Amino acid sequence: MKKRMCNILKKVIDKYIELCYNTLVMPHEEVLKMKMHRIRRVLFKEVYKGMYAIIETGGKQYKVAEGDIITVEKLGVEAESKYTFDKVLAVCDGDSFKFGADASAATVEATVMGDGKAKKVIVYKYKPKKGFHKKNGHRQPFTQLKIEKING
């Protein structure tokens, strides 16, 4: 979903740049002197000003920002309760980046929205010429969280 939104955003920015160059209507005089890629970078920075963090839970890594709703492996906590992620791998706040030991002091606070089970996956095993057939199903449990705050 995020990747698709990013591609749509790139297209919108490219259309805006094309419109600006074709009609010579610029937000300010300084932009006229910039090259095409420089304008794209400036506009992208304006859009992606927010803070984000990379956390690890359930053996997986997630890139999260405030307000995001993520689905992780089941945590075993009640709905509507608070949960704090202590294992933060990286924190980005605009232009400053923290990795490793610098980011280990950071925490990410989230609210548990609820638990659920994923779509059923069918596991079918058989051995040819032996008459062995085994059908099994599995639904992976998950916890859905809303990221409230990144302390970093």
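Throughout these views, a residue is called buried under 20% relative accessible area, exposed over 50%, and partly exposed in between, using a 1.4 Å probe and counting protein chains only. The model is a predicted one, so local features are kept only at pLDDT of at least 70 and side-chain atom pairs only at pLDDT 80 or more, while totals for chains, interfaces and linings take in all residues. Numbering starts from 1 along each chain as its sequence is written, and side-chain values rest on heavy atoms, with hydrogens and water left out.

**View 1. E80, a residue with a positive phi in the β3–β4 loop.**
Here we look at E80, which sits in the loop between β3 and β4; strands (E, at least two residues) and helices (H or I, at least four residues) are DSSP runs numbered from the N terminus. Its relative accessibility is 64%, so E80 counts as exposed. Phi of E80 comes out near 65°, a positive value although the residue isn't glycine. For context, most residues other than glycine have a negative phi.

**View 2. K129, another non-glycine residue with a positive phi.**
Move to the loop between β8 and β9 and you'll find K129. Phi for K129 is also positive, near 65°. With a relative accessible area of 86%, K129 is exposed.

**View 3. Strand β5 and its antiparallel pairings with β1 and β6.**
On one side of the story, β5 (residues 88-93) pairs with β1 (residues 51-57) in the antiparallel sense, over 5 bridges. Two strands are said to pair if DSSP finds at least two bridges between them. I55 has V88 of β5 as its bridge partner. Strand β5 is also joined to β6 (residues 96-99), again antiparallel, by 4 bridges, and D93 finds its bridge partner in S96 of β6. The hairpin of β5 and β6 has 2 residues between its strands, and in it G94 takes a positive phi near 70°.

**View 4. The salt bridge between E56 and K87.**
A salt bridge here is a side-chain nitrogen of Lys or Arg within 4 Å of a carboxyl oxygen of Asp or Glu, and by that rule the count is 3. In this one, the closest N and O atoms of E56 and K87 are 3.7 Å apart. E56 belongs to strand β1 and K87 to the loop between β4 (82-85) and β5, so the contact ties together parts that are 31 residues apart in sequence. Both ends are partly exposed: E56 because its relative accessibility is 25%, and K87 because its value is 47%.

**View 5. K60 and E73 meet across β2 and β3.**
The side chains of K60 and E73 form a salt bridge, 2.7 Å from N to O. Since K60 is in strand β2 (residues 60-65) and E73 in strand β3 (residues 69-73), the pair ties together parts 13 residues apart in sequence. K60 is partly exposed at 38% relative accessibility, and E73 is partly exposed at 25%.

**View 6. K74 reaches D115.**
In this salt bridge, the closest N and O atoms of K74 and D115 lie 4.0 Å apart. K74 comes from the loop between β3 and β4 and D115 from strand β7 (residues 107-117), so parts 41 residues apart in sequence are tied together. K74 is partly exposed, with 46% relative accessible area, and so is D115, with 42%.

**View 7. A patch of positive charge, and a neighbour of K117 in space.**
K117, K120, K135 and R139 gather on the surface as a positively charged patch. Patch residues have over 30% relative accessible area and no salt bridge, with like charges joined within 9 Å and nonpolar side chains (Val, Leu, Ile, Met, Phe, Trp, Tyr) within 5 Å. One of the patch members, K135, lies in strand β9 (residues 132-138), and at 63% relative accessibility K135 counts as exposed. K117 also has F142 for company: the two are 25 residues apart in sequence but 5.8 Å apart from C-alpha to C-alpha. F142 is placed in strand β10 (residues 141-151) and, at 21% relative accessibility, is partly exposed.

**View 8. A nonpolar surface patch built by I122, Y124 and Y126.**
These three side chains make a nonpolar patch of about 360 Å² on the surface, with areas taken from the Shrake-Rupley method and a 1.4 Å probe. I122 lies in strand β8 (residues 121-127). As a general reminder, side chains in a regular strand alternate between the two faces of the sheet.

Key
Lys, Arg positive; Asp, Glu negative; His and termini not counted. Charge placed at Lys NZ, Arg CZ, Asp CG, Glu CD.
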